[in-house]
Amino acid sequence: MSVKKLSTIALEGIEVHAYHGVYKNERTHGNPYIVDIYLETDIQAPALSDELEDTVDYFGVYKLVLQIMSEPVHLLEHLVVKIGNETMEAYPAVKQARVRVRKIQPWAMDQCAQTYVESVFSQND
């Protein structure tokens, strides 16, 4: 009898210059963003097989994040939900995902290093 244990596959510090925001300056000049994503999945099969098709392809997740971040939106909340939902849909082996999108040095907030939104997503069991 084997017990399924979830492990974390993480992509931390995905740095992107993007044009998200409500204000014209943000949409024109952009801001640096950092995306962190933590994926909970069972790694027993890939641990035994050593085959990419048995695990979550984190390069594929990376490309998905870059594609979503390249499409301007107004709110960080929208980005976080889009990244979380699309990742869960593309990788059904992921049981839970935690996504954080940080806007670095937000426009007109000189004394604020960053703002962020973070959410947790779970597969419907």
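A salt bridge is a side-chain nitrogen of Lys or Arg within 4 Å of a carboxyl oxygen of Asp or Glu. Keep that in mind as we look around this structure, which is a predicted model.

**Charges that pair up**

Side chains of opposite charge can pair when their charged atoms come close. In this model there are six salt bridges. Let's start with Asp36 and Arg102, whose side chains meet in one of them at 2.9 Å, N to O. Asp36 belongs to strand E2 (residues 31–42) and Arg102 to strand E3, so you have to go 66 residues along the chain to get from one to the other, and the bridge links distant parts of it.

Are these two partners buried or exposed? Asp36 has a relative accessible area of just 3%, so it's buried. Arg102 is buried too, because its value is 18% and the cut-off for buried is under 20%.

Next up is Lys103, which forms a salt bridge with Glu26. Here the closest N and O atoms are 2.5 Å apart. This pair also links distant parts of the chain, with Lys103 in strand E3, Glu26 in helix H1 and 77 residues separating them. Lys103 counts as buried at 8% relative accessibility, and Glu26 is buried as well, at 5%.

A third bridge stays inside one helix. Glu86 and Lys82 meet at 3.1 Å, N to O. They sit four residues apart in helix H4, so about one helical turn separates them. Glu86 is partly exposed, with a relative accessible area of 27%, and Lys82 is partly exposed at 25%.

Here are those three bridges side by side:

| Salt bridge | N to O distance |
|---|---|
| Asp36 and Arg102 | 2.9 Å |
| Lys103 and Glu26 | 2.5 Å |
| Glu86 and Lys82 | 3.1 Å |

Some bridges share partners, too. That sharing joins Asp36, Arg98, Arg100, Arg102 and Glu118 into one network.

**Rings that pair up**

Now for the aromatic side chains: the structure holds two aromatic pairs. In one of them, the rings of Tyr23 and Trp107 have centres 5.4 Å apart and planes at 40°, so the pair is tilted. Where do these two residues lie? Tyr23 is in the loop between strand E1 (6–18) and helix H1 (24–29), while Trp107 is in the loop between strand E3 (94–104) and strand E4 (114–122). The pair therefore ties together parts that are 84 residues apart in sequence. Trp107 counts as partly exposed, at 39% relative accessibility.

The other pair is Phe59 with Tyr62. Their ring centres are 6.1 Å apart and their planes make an angle of 25°, so this pair is stacked. Both residues are in helix H3, three residues apart, so they are separated by about one helical turn. Phe59 is partly exposed at 49% relative accessibility, and Tyr62 is partly exposed at 33%.

**Out in the loops**

What kind of surface patch do Asp50, Glu51, Glu53 and Asp54 form? They make a negative one. Glu53 lies in the loop between helix H2 (44–49) and helix H3 (58–69), and with 64% relative accessibility it counts as exposed.

Finally, take a look at His74, in the loop between H3 and helix H4 (76–90). At 47% relative accessibility, His74 counts as partly exposed. Although His74 and Tyr19 are 55 residues apart in sequence, their C-alpha atoms are 8.8 Å apart in space.

Technical notes. Residues are numbered from 1 along each chain as its sequence is written. This is a predicted model: local features need pLDDT of at least 70, side-chain atom pairs count only at pLDDT 80 or more; totals for chains, interfaces and linings use all residues. Side-chain values use heavy atoms; hydrogens and water are left out. Patches are made of residues with over 30% relative accessible area and no salt bridge: like charges are joined within 9 Å, nonpolar side chains (Val, Leu, Ile, Met, Phe, Trp, Tyr) within 5 Å. Accessible areas come from the Shrake-Rupley method with a 1.4 Å probe; for residues, only the protein chains shown count as cover. Lys and Arg count as positive and Asp and Glu as negative; His and the chain ends are not counted. The place of a charge is taken as NZ of Lys, CZ of Arg, CG of Asp or CD of Glu. Buried means under 20% relative accessible area, exposed over 50%, partly exposed in between (1.4 Å probe, protein chains only). Rings of Phe, Tyr and Trp (its six-membered ring) pair if their centres lie within 6.5 Å; planes under 30 degrees apart count as stacked, over 60 as edge-to-face and the rest as tilted.
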